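Take a walk through this protein, from its overall layout to single residues. Keep the 3D view open while reading.

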Amino acid sequence: MEIQGTVFRVLPLVKGTSARGEWMKQEIVVELQTEFNRKVCISFWGDKVQEVAKMREGDNVNISVNIESREYNGRWFTEVRAWKINVQNQEASAPHADLPPLNVSDFEGGASSEVDDLPF
């Protein structure tokens with residue numbers, strides 16, 4: 001299954017030790033670009049954790065995931081686990097880059113030579 005959206009939050013790295021050895025997990029929250037802007041928490045395990053370091057909040061991502069549920073003590077837990085990610089960083093553009101450059105000569109006639117003690 002593929003999930004497309006915007007990185008809403010990058011959660012802290014979690015490490016631990018189990019009977020199989022040491023493990024690492026990092027989660028991100030992705031806001032889906034749908035009518036209701038739902039959020040999904042996606043887990044990255046093992047070597048996939050390094051890919052999360054490249055992500056920033058606001059990045060557009062396309063993530064391939066597996067969704068699985070497991071039972072523990074009569075309760076069911078569901079996890080969305082990523083196995084492939086494509087980060088599409090938005091290029092930082094100058095704010096209002098589509099506006100024409102400011103022409104200072106347009107404002108020269110309105111300046112007063114009087115000294116005013118008001119701060120505005």
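What follows goes from the fold to the core, then to the charged pairs and two loop residues.

The model is a predicted one. Start with the layout. The protein has six strands and one helix. In what order do the elements run from the N terminus on? The order is β-β-β-β-α-β-β. The helix therefore follows four strands and precedes two, with strands and helices taken as DSSP runs.

Now look at the chain as a whole. Of the 120 residues in the protein, 23% are buried. The exposed surface comes to about 9800 Å². Carbon and sulfur atoms supply 50% of that surface. Contacts also say something about sequence separation. Take the contacts between residues at least 6 apart in sequence: 48% of them join residues at least 24 apart.

Next, go inside. Which residues have the most contacts within the largest nonpolar core? They are Ile3, Ile28, Val30, Ile42, Phe44, Met55 and Ile63. The core as a whole has 16 residues. Five strands each give two or more residues to this core. They are E1 (2-10), E3 (21-32), E4 (39-45), E5 (60-72) and E6 (75-88).

Phe44 is a good place to stop. Phe44 is listed among the core residues with the most contacts. Leave aside residues up to four places away in sequence. Phe44 then touches Met24, Lys25, Gln26 and Ile28, among others. Val49, Val52 and Met55 are also on its contact list. So are Ile63, Ala82 and Ile85. Three of these partners can be placed by strand range: Ile28 falls within E3 (21-32), Ile63 within E5 (60-72) and Ala82 within E6 (75-88).

Turn to the charged side chains. How many salt bridges does a search of the whole structure find? It finds four. Three of them are described here, beginning with Lys39 and Glu31. The closest N and O atoms of Lys39 and Glu31 are 3.7 Å apart. This pair counts as a salt bridge because the cut-off is 4 Å. Lys39 is partly exposed, at 44% relative accessibility. Glu31 is partly exposed too, at 23%.

Lys48 and Glu51 form another salt bridge, with 3.6 Å between the closest N and O atoms. Lys48 has a relative accessible area of 24%, so it counts as partly exposed. Glu51 is at 22% and is also partly exposed.

The pair of Arg81 and Glu79 has an N to O distance of 3.2 Å. Are its two members buried or exposed? Arg81 is partly exposed, at 33% relative accessibility. Glu79 is buried, because its 8% lies under the 20% limit.

Finish in the loops, with backbone angles. Most residues other than glycine have a negative phi. Two asparagines have a positive one. Phi of Asn37 is near 50°, and phi of Asn73 is about 55°. Where is each of them? Asn37 sits in the loop between E3 and E4. Asn73 sits in the loop between E5 and E6. Their accessibility classes can be set side by side. Asn37 is partly exposed, at 40% relative accessibility. Asn73 has a relative accessible area of 66%, over the 50% limit, and so counts as exposed.

Key: Residues are numbered from 1 along each chain as its sequence is written. This is a predicted model: local features need pLDDT of at least 70, side-chain atom pairs count only at pLDDT 80 or more; totals for chains, interfaces and linings use all residues. Side-chain values use heavy atoms; hydrogens and water are left out. A nonpolar core is a set of buried Ala, Val, Leu, Ile, Met, Phe, Trp, Tyr and Cys residues joined through side-chain atoms within 4.5 Å. Buried means under 20% relative accessible area, exposed over 50%, partly exposed in between (1.4 Å probe, protein chains only). Contact means heavy atoms within 4.5 Å. Accessible areas come from the Shrake-Rupley method with a 1.4 Å probe; for residues, only the protein chains shown count as cover.
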